[in-house]
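Here are a few short exercises to help you find your way around a new structure. Try each task yourself before you read its solution.

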Amino acid sequence: MDAAYDSSATPLGFTCANCEQNCCISHFQHHTYVEWAYFLHGLEQAAPELVARITENAHENVEAMQAALARGERPRVMCPVNVDGLCTIYKHRLMICRLHGVAHVLQRPDGRFVHYPGCPRFDALAAREPMAPGSNVRGPVIDRTPLYRELAAIEQTFLGAKAGKLPKVDCTLAEMIVQGKPF
Ligand code: SF4
């Protein structure tokens with residue numbers, strides 16, 4: 001995932017540095033047990049003071065998220081792991097954190113590829129690029145399809161005999177931290 005991201009971001013000089021639209025404030029769920037367990041494995045290795053701060057942030061995040069949802073609003077609450085603008089558990093971050101921002105395609109079950117734009121900063125850089133032959137898209141585009149497939153295979157291996165017997169994962173990172181290890 002990191003290599004795919006870099007193959008797109010590096011040629012454009014795209015970085016998240018000093019971004020005013022910090023995507024760590026976005027409300028998104030994660031969907032695999034293996035990412036959940038891997039992230040908590042990373043969190044366990046952090047300094048105790050940082051773990052305590054992140055855990056407190058996570059509880060506040062879940063409360064604020066639930067309050068926003070109850071008001072019928074889409075939550076915009078900073079990720080509990082983001083401290084002073086930096087991801088403190090960066091090495092163990094989840095899939096969407098690794099891929100967000102760069103333009104991508106995804107192959108649907110009917111075989112069609114659907115194109116998704118990048119974030120506004122990426123798209124502004126991509127707009128300066130020539131149009132790819134036979135396409136109406138400017139700038140690099142990664143294909144998430146093989147990455148999703150590989151993650152699904154890793155999930156199956158990780159779950160082993162539990163595969164298909166557990167509830168579907170649909171949690172924010174803050175909820176994962178509050179709930180603790182998935183099993
Ligand atoms: S895990 Fe890291 S990259 Fe992902 S939303 Fe949280 S702070 Fe941002």
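**Exercise 1.** Find out whether Asn18 is buried or exposed, and describe its backbone.

*Solution.* Start with the relative accessible area of Asn18, which is 75%. Buried means under 20%, exposed over 50%, and partly exposed in between (1.4 Å probe, protein chains only). Asn18 is therefore exposed. Next, look at the phi angle: in Asn18 it is near 60 degrees, a positive value in a residue other than glycine. Most residues other than glycine have a negative phi.

A word on the source: this is a predicted model, where local features need pLDDT of at least 70, side-chain atom pairs count only at pLDDT 80 or more, and totals for chains, interfaces and linings use all residues. Residues are numbered from 1 along each chain as its sequence is written, and side-chain values use heavy atoms, with hydrogens and water left out.

**Exercise 2.** Work out whether Arg98 is buried or exposed, and what its side chain reaches.

*Solution.* First, Arg98 has 14% relative accessibility, so it counts as buried. Second, the Arg98 side chain comes to 2.7 Å from the backbone oxygen of Lys91. Third, beyond its neighbours within four places in sequence, Arg98 is in contact (heavy atoms within 4.5 Å) with several residues, including Met1, Tyr5 and Tyr38.

**Exercise 3.** List the residues around the ligand.

*Solution.* Look for residues with a heavy atom within 4 Å of the ligand. They are Cys24, Cys79, Asn82, Cys87, Cys97 and Leu173.

Notes:
Polar contact = N/O pair within 3.5 Å; in protein donor to acceptor, adjacent residues only side chain to side chain.
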